[in-house]
Amino acid sequence: MSAQPFDPQSRVLIQGINEPLGAHYAAQMQAYGTPVVAGTQPGWGGGEQAEIPVFDLVAQAIEAVGPIETSLVFAHPYWVLDAALEAITAGIRQIVLVTGGVPPLDLVRLFRKAEATQTLLLGPGSAGTIRPNSALLGTSDPQFYQAGSVGIISRSNGLTNEVARQLSQASLGQSLALNLGTDALYGSSFRHWLSVLEQDPDTKAIVLVGQPGSGDEEAAAAVAAELTKPVFAYVPGARVKINRRSGEATAIVAARLSVPLPETSTAKQKVAALERAQVTVAKQPSQLPQLLEKTLKERQKKK
C-alpha cells in the first residue's frame, strides 16, 4: 500500500464503468485530472467509455495498461463482492465502494479478505475522496472544495459537501476530504483516518462529521485525544428526541431488510465522548469555520 493513501498519482480503475453513474463520474474524474487508466464491464471489453479503454476483467486491464493502485466500484450491490474480490486478487490494495446497499454477509466476507490482504476499503455507499485541485476519486462535487490544510472525515455524503462549502467560503481549504460510507457496515474507520491525517504534512486541523446510527465516533474520541493536531466535529441528530437510525435512504432500507443492528449510542452520547476527548464540537456546520479560525490563530500565537 502506498505511504499516502489514495495518492493523487494513483492509477485508477473503474469497475462498472458502463453503469450510468460509473460512466458519468468516470468522465468527471478524468476532467478533474485523475489518472483513470481503465474500466471494466463484463461483456463490454474492447470498447471505450469517455475515451477510457474498457475490459471484461481486471486482470486484462492490468495486462494492457500496467499496474493499477486504486479501484472504484460502481457495480450493482449484489455484484460488489465479486468485483472487489476480483480487484484484490489482481493486486489492487485501495478500493472505494461507491455502490451502497451491499448485502451485509457479502461485506463480512469482503472485510475478512481485505484484512488478510491489507487492502484499504472505503464504503460501501462512499463518495470517495477528493484532494482539491489534485485528484477526485468518487462522486464529491468539486465546486465546494478548495486546496488548503483542513482534513475532513465524514460518514455523510451530503454533509461532506456542505462542511467543505462552509470552510471554503471562510478561506479554509481542505487537504483531503473523504467519506467512510453510508451503509450500516463499512470498511475503514474514523480511527484509522484520524491517524493517517495526524501523519499527513499537508493537514493542520481535522474535521470529523458523524452520522446517527453507529458507535464509531465514540471509538474515534479515544484516538482524537492522543493527536497533536486539533480535531473538530459535527454530529447531526443531537436534537432528535427519538433515538432511531437515520442517514442515507438506501443505507436505512438495506439495514432494516438485512440485520437489525442495534443503535450503539445517541448523538448526545457521541458529543459527550468527543468533548471529553477535547474535541471541539459544533452545533451546526456553519459554526465550524469560526471555531477553526479561533483555534488555529491561538496555536499560531503560541509558536
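**A walk through the sheet and its ring pairs**

Gln 15 stands opposite Val 73 in β5. That is a good place to start in this predicted model, where local features need pLDDT of at least 70, side-chain atom pairs count only at pLDDT 80 or more, and totals for chains, interfaces and linings use all residues. Residues are numbered from 1 along each chain as its sequence is written, and side-chain values use heavy atoms, with hydrogens and water left out.

Let us look around Gln 15. Strand β1 pairs with β5 in the parallel sense over four bridges; two strands pair if DSSP finds at least two bridges between them. Strands (E, at least two residues) and helices (H or I, at least four) are DSSP runs, numbered from the N terminus. β1 also pairs with strand β2 (residues 36–40), again in the parallel sense and over four bridges, and in β2 the bridge partner of Gln 15 is Thr 40. Between these two strands, the chain crosses from β1 through α1 to β2 in a right-handed β-α-β crossover (with the strands pointing away from the viewer, the path from the first strand over the helix to the second runs clockwise).

In a regular strand the side chains alternate between the two faces of the sheet. Both faces of β1 are covered: Val 12 and Ile 14 on one side, and Leu 13 and Gln 15 on the other, are all buried (under 20% relative accessible area; exposed is over 50%, partly exposed in between, with a 1.4 Å probe and protein chains only).

Now step back to the whole sheet. Seven strands form an open, mixed sheet in the order β3-β4-β2-β1-β5-β6-β7. Its edge strands, β3 (48–49) and β7 (120–122), each pair on one side only. Strand β5 (residues 70–73) pairs in the parallel sense with β6 (residues 94–97) over four bridges, and here Val 73 stands opposite Leu 97.

What about the aromatic rings? There are two aromatic pairs, counting rings of Phe, Tyr and Trp (its six-membered ring) with centres within 6.5 Å; planes under 30 degrees apart are stacked, over 60 edge-to-face and the rest tilted. The rings of Phe 6 and Trp 193 have centres 6.1 Å apart and planes at 15°, so they are stacked. Phe 6 lies in the segment before β1 and Trp 193 in helix α6 (residues 190–199), so this pair ties together parts 187 residues apart in sequence. Tyr 25 and Phe 74 are stacked too, because their ring centres are 6.4 Å apart and their planes at 15°.
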